[in-house]
Amino acid sequence: MTRESDESRWWKGAVIYQIYPRSYQDTNGDGVGDLPGIAQRLDYIASLGVDGIWISPFFTSPMRDFGYDVADYCDVDPLFGDLQAFDVLLAKAHRLGLKVIIDLVYAHTSDDHVWFQDSRQNRESEYSDWYVWKDPKPDGTPPTNWQSVFGGPGWTWDARRQQYYMHNFLSSQPQLNLHNPAVQQALLKVARFWLDRHVDGFRLDAINFSMFDPEFRDNPARKPNGVVTRPFDLQLHVHNQSHPDIPRFLERLRAVMDEYGAIFSVAEVAGPRPLEEMRAFTEGDARLSSAYNFDFLYAKDLTLARVRKAQEAWMGAPGEGWPSWAFSNHDAPRCVSRWAKGADRHRFARLTNTLLLCLRGNPILYQGEELGLSQAEIPFERLQDPEAIANWPLTLGRDGARTPMPWQSKANALGFSTAEPWLPFGDDHAADAVDAQEEDDSSVLNFTRLMIRLRHEMPALKTGLLRFRDTADPLLSFERLHEGQTLRCVFNLGMEDISLPSEETDGVQKVLASSGYDSAPGGILPGHAFFIAEIS
């Protein structure tokens, strides 16, 4: 068994680029992206300067939740290609110096999985206890009051077993019983399968949903905050998820990963106590490399207080884990549409991308974020997301962030496919296409490349400590420090010009990157302007 040394932790401070495979590049003309399409675009990804890619699920699946309902953990769904196509992608990525991270969906499977098909047959089947089965209450109602994230009870009746089975998400995503050692062993075997193929890491989807209260106690009620779109929001989720034994399983997973060297692992953590769980999942050197939560992903605004609260939980205390940060992803509306509030979207995207790259932790850049891509408005008749369809029109849903990548501004389907794409593009996506931005030195794309390069050139930005300066909203100022190097990062998070306190420019030796700052009158920091400077 090998433990990572500080030198071998390639992932510490690495910039990760998330790819949603359905929407990246289609090569076979079916309107859906695929693994050969990702391989085709790897040169572009390498040109961004990122360290690695995270590919959302491409496993065999009925696609009721678009790959997060896995029917076979160790194969590729024909929609995306096959194992050979994955191996070709992986080999090319490695030649280009890119690490490859894939999803592990360990909380549940598809109801098409052979494990569940066997488990539901009767109570004596080989996989009988691999899922969470429970008798009904005497009146026939579900065993607990637990609710599904996607709406309705977290239990579905199955006549074959004469029992209910648990599901935290869709009824077609039955909950695995990770309290069962045999299930844990099977999932560790899945990790080995992909590690043997030389993947470089895993993102663990909804891992804090992977274990539940074995006493099956009801969740307490929660006072609603605003409009309720699902009963799930009327409970405190203390019994259907977040069991304290989850870190023990993560230690078993980490032990497997350690056999393969410096493997990166990052947990997605959503729930009532995300910080507490993130710390538990990442503390010491026997659990996961990193974790991220939803501090920014569903936030309605970007404020000084929000940034400070999130980052101050990860300032480098002894034994503390390492955070990751995401402003947008395949589940959350794009941050520029949530936060820009009518301002110049491209200018604002330069700010959000730069801030993401200046925080202490691992920035996870979602495809299209490097273009400043907006959230698309999807008409009801084109919706694909089951959550959006069920809650229309009270939620934005996930489809608007999952639209295809715009590659060529004047090509059919913007260069994504030769067919009608599975989701439509946003009205302004053609103007933001890659080829249009490549030709513009001041584009969001080229500015993001500059900032990623700066992050790699400056150890203070990549792994240094972070120290907030005493400022008032909307002025955000902090310093990154590493072995005598000090960088000051100053952002106007508001739309209006502000007077810049003189102490923010004291000691500035050289401005390394800026937007809207150099052309401003002395002492003024315009709305959504910022600068990164070396300090003496």
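## The cavity

A cavity here is a set of grid points where a 1.4 Å probe fits but cannot get out. The model is a predicted one, and going by that rule it holds 1 cavity of 30 Å³ or more. The volume of the largest cavity comes to about 40 Å³.

So what lines this spot? Ser-328, Arg-334, Cys-335, Val-336, Ala-349, Thr-352, Asn-353, Glu-369, Gly-372 and Leu-373 make up the lining of the largest cavity. By type, that lining splits into 4 nonpolar, 4 polar and 2 charged residues. Two helices, α9 (335–339) and α10 (345–358), each put in at least two lining residues. The top contributor is α10, with 3 residues.

## A three-stranded sheet

Next up is an open sheet of 3 strands, running in the order β6-β8-β7 with antiparallel pairing. Its edges are β6 (133–134) and β7 (155–158), and each of these pairs on one side only.

Zooming in on one pairing, β6 meets β8 (residues 163–166) in the antiparallel sense over 2 bridges. Which residue of β8 does Lys-134 face? Lys-134 stands opposite Tyr-164.

## Helix α6 and its surroundings

Helix α6 covers residues 246–258, and a quick length check works out nicely: at 1.5 Å a residue its 13 residues should span 18 Å, and the end C-alpha atoms are indeed 18 Å apart.

Plenty of α6 is tucked away from solvent probes: the buried residues are Ile-246, Pro-247, Phe-249, Leu-250, Leu-253, Arg-254, Val-256, Met-257 and Asp-258. The charged side chains Arg-254 and Asp-258 are on that buried list too. As background, an α-helix has 3.6 residues a turn, so residues three or four places apart point the same way. What sits over the buried residues of α6? The cover includes α5 (181–196), β9 (201–204), β10 (264–268) and α7 (274–282).

## Thr-282 in α7

One of the covering helices, α7, is also home to Thr-282. Is Thr-282 buried or exposed? Its relative accessible area is 2%, and the cut-off for buried is under 20%, so Thr-282 counts as buried.

Setting aside neighbours within four places in sequence, Thr-282 is in contact with Arg-287, Leu-288, Ser-289, Ser-290, Ala-291, Trp-314, Gly-321 and Trp-322. Two tryptophans, Trp-314 and Trp-322, are among those partners.

Notes:
Residues numbered from 1 in each chain as written. Predicted model: local features only at pLDDT ≥ 70, side-chain atom pairs only at ≥ 80, totals over all residues. Heavy atoms only, no water. Pairing = 2+ DSSP bridges. Helix = DSSP H or I, 4+ residues; strand = E, 2+ residues; numbered from the N terminus. Expected span 1.5 Å × (residues − 1). Buried < 20%, exposed > 50% of the residue type's maximum accessible area, 1.4 Å probe, protein only. Contact = heavy atoms within 4.5 Å. 1 Å grid on protein atoms, 1.4 Å probe; cavity = no way out; pocket = protein on both sides within 12 Å on 5 of 7 lines; lining within 4 Å. Points joined across faces, edges and corners; volume = space filled by probe spheres on them.
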